[in-house]
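Here is a friendly walk through a model with the bench reader in mind. Have the sequence and the 3D view open as you read.

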Amino acid sequence: MSLFRYTRAGREPDAPRPPHSPLLWIALIALIAGVLVLAFAWLAGWLGRDRATVQTFTDTIEATGANHPGFRRAHSKGACVSGSFQGTPQGAALSAARVFRQQQVPVLGRLSIGGGDPHGADANARVRSMALQLVSDDGQEWRTAMNSFPFFAVPTTEAFLEQTRAGIPDPATGKPDPAKMAAIAAKYPSAKAFGEWAKTAPWSTSWANTTYNGVNSFRFTNADGHTEVVRWSMRPLAPFEAMDAEQRKQASLDYLSDEFQQRLAKGPVQWEMWATIAAAGDAVNDPSIPWPEDRRQVKLGTLTLTALQPQAGGACNNLNFDPLILPSGIAGSDDPILAARSAVYSESFNRRERELASGKEKAQ
Amino acid sequence: MSRDAGHFNLTARVLHWLMAVLILTMLFVGVTMVASLHWRPMLVDLHRPLGIAILLLALVRLFNRLRHRPPPLPADLPAWQAAAAHASHWVLYGLMLAMPLVGWAMLSAGGYPIQMWKGVLLPPILPHDVALYAALRSAHSLLAYVLFATVVLHLSAALFHLWVRRDGVFQAMAKGSPSASE
């Protein structure tokens, strides 16, 4: 140290130091502090408001419809369900997750309709959804949110935001601008294909006879450490029945809940859970591209639902069905939509829980 | 137990610089993961175990701090600066302990599993409750901003001692006394 000081200053170590200018040093300190504060503010999304963040995405979703404080920002209308899951040995061979080994894993879930209106007519919603929470006896959780569409409409988070923006109603007409929607369909082939699905796929008569698809890809790792990329689906045991436009028009507001309740009165409602295994070259990180039909299918288990309760006051209502809450043996893929869903669900959950806590929600 | 009047003991110095890196990392990880549409899954997996690590280190540090008096501030330091130093140190200790506990409590009240890493979960420390979650989630953000502001002020003050006052306060944490037997 003394050597360093001696040679650098070129003077006797004991000689009085020349006075230093504190202003330059203070400026340097201010610069360091300023850089830290600016970096923090930028990462928080407080600077550059046009940057796509979780908050701007959630704001965009909110702008597509009327505000309904206290409700989920998407899939706002639904009902809580409960039952159990029984895994198969084939499932256990694919993933080390305890849910495939344990007898009768308790399940809490939510059946819902797409869209942000918590008071909308059940039968008018093109998309139907199933969210589940499976808690195994080792305390680990598997949460999943599945939809009745067979593939996602857009390939990336940027496209997802663009599509959501295009869905914001035009103030003049109160409806999304058809030109903007057409532009999305023109830009993304999957959005066009999704539109075709929405137009042509038959509507089912019940939550119970609907297939729900995980759509995003996940990694299953078994006890030997072998990993496969999979997508999962819930295939109903109840036979499919189509519902035509006239029947939908005549259906009551809470048609799906009422119908499901009537089914449960006669007995449990079941689905088989199937995994589709990706082959080399399959689009494992793009949920807008379905995998070929001939991919290996493995039955993972059977879901049995035995009870339904309204979401108001229901056990599922204050649960965030974050698709990345996963047990050992199951992991998320690099699918960007999966990360975006996880992030936006969290923000949506925070907003509605604050609204519920502060009493801002409307009477449910 | 050597009591060195001019320098913090080795345990204090190691913990200080280790935690300085961890806490600053944690603040940036936290603020990024709640805003990013892409990095959340990776960062949230880092955030929880890092938070619990900071909680454990803070307990060790508090124990060491109570057993070893820190070196006194220079006698010529203006009273308001000395008061600010003491107050900021209390805020830093308080938040080092409170932030991880609020985070843990918040996840408990939100009905979330509190995963350290795959297969290792901490038990909930509060019941699943909307009002508790809402309050704790807001508190976690607010306290993070207070902690970040305090850390920036603390760093600025430390550099002021190093470069402007040149009074040995920075060196008391940066290195040991040449004569001290640790």
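## A helix at the chain contact

Four residues of α2(A) are listed as buried: Ile29(A), Phe40(A), Leu43(A) and Ala44(A). Keep in mind that this is a predicted model. The cover over the buried residues of α2(A) includes α1 and α4 of chain B, so partner-chain helices are a good place to look next.

α2(A) has 23 residues, which at 1.5 Å a residue should span 33 Å, and its end C-alpha atoms are indeed 33 Å apart. Just after α2(A) comes Gly45(A), with a positive phi near 85°.

## How the two chains meet

Stepping back to the interface, 37 residues of chain A are in contact with 31 residues of chain B. On the chain A side, α2 (22-44), α3 (54-63) and α10 (336-357) each supply at least two residues. The largest share, eleven residues, comes from α2(A). Sorted by class, the side of chain A that touches chain B holds 23 nonpolar, eleven polar and three charged residues.

How do α2(A) and α1(B) cross? Their axes come within 7 Å and cross at roughly 30°. Angles under 35 degrees count as roughly parallel, so α2(A) is roughly parallel to α1(B). From α2(A), the contact uses Phe40(A), Leu43(A) and Ala44(A), and from α1(B) it uses Phe28(B), Val31(B) and Thr32(B). Five of these residues are nonpolar, one is polar and none is charged. Phe40(A), Leu43(A) and Ala44(A) are also among the buried residues of α2(A).

## Chain B and its helix α3

Chain B has five helices and two strands, in the order α-α-α-β-β-α-α from the N terminus. Its C-alpha atoms fill a box of roughly 50 × 30 × 30 Å along the principal axes. Of its 182 residues, 27% count as buried. Among contacts in chain B with a separation of 6 or more, 70% join residues 24 or more positions apart.

Now turn to α3(B), residues 79-109. Its 31 residues should span 45 Å at 1.5 Å a residue, and the 43 Å between its end C-alpha atoms agrees with that. There is also a kink of about 25° in α3(B), centred on Leu95(B). Leu95(B) is itself buried, as are other α3(B) residues including Met96(B), Met99(B), Pro100(B) and Trp104(B). What covers the buried residues of α3(B) includes α1 (10-33), α2 (40-67), β1 (114-117), β2 (120-122) and α4 (130-165) of chain B. After α3(B) comes Gly111(B), whose phi is positive, near 75°.

Here are the two helices set out together:

| Helix | Residues in helix | Expected span | End C-alpha distance |
|---|---|---|---|
| α2(A) | 23 residues | 33 Å | 33 Å |
| α3(B) | 31 residues | 45 Å | 43 Å |

## A strand residue in chain A

Finally, a look at Ser84(A), which lies in strand β1 (residues 78-87) of chain A. Is Ser84(A) buried or partly exposed? Ser84(A) has 17 other C-beta atoms within 10 Å, and 20 or more would be needed to call a residue buried, so Ser84(A) is partly exposed. Leaving out residues up to four places away in sequence, Ser84(A) touches Gln104(A), Val105(A), Pro106(A), Val107(A) and Thr304(A). The C-alpha atoms of Ser84(A) and Ala39(A), 45 residues apart along the chain, are separated by 47 Å.

Key:
Residues are numbered from 1 along each chain as its sequence is written. Chains are lettered from A and ligands numbered from 1 in the order in which they are written. This is a predicted model: local features need pLDDT of at least 70, side-chain atom pairs count only at pLDDT 80 or more; totals for chains, interfaces and linings use all residues. Two residues are in contact if their C-beta atoms, placed from the backbone, lie within 7 Å. Ala, Val, Leu, Ile, Met, Phe, Trp, Tyr, Cys and Pro count as nonpolar, Asp, Glu, Lys and Arg as charged, and the others, Gly among them, as polar. The expected span of a helix is 1.5 Å times one less than its number of residues. The bend at a residue is the angle between axes fitted to the seven residues ending there and the seven starting there. A residue is buried if 20 or more other C-beta atoms lie within 10 Å of its own, exposed if 12 or fewer, and partly exposed in between; C-beta atoms are placed from the backbone. Axes are lines fitted to C-alpha atoms, for helices over the stretch in contact, and angles run from 0 to 180 degrees between N-to-C directions. Angles under 35 degrees count as roughly parallel, over 145 as roughly antiparallel, 65 to 115 as roughly perpendicular and the rest as oblique.
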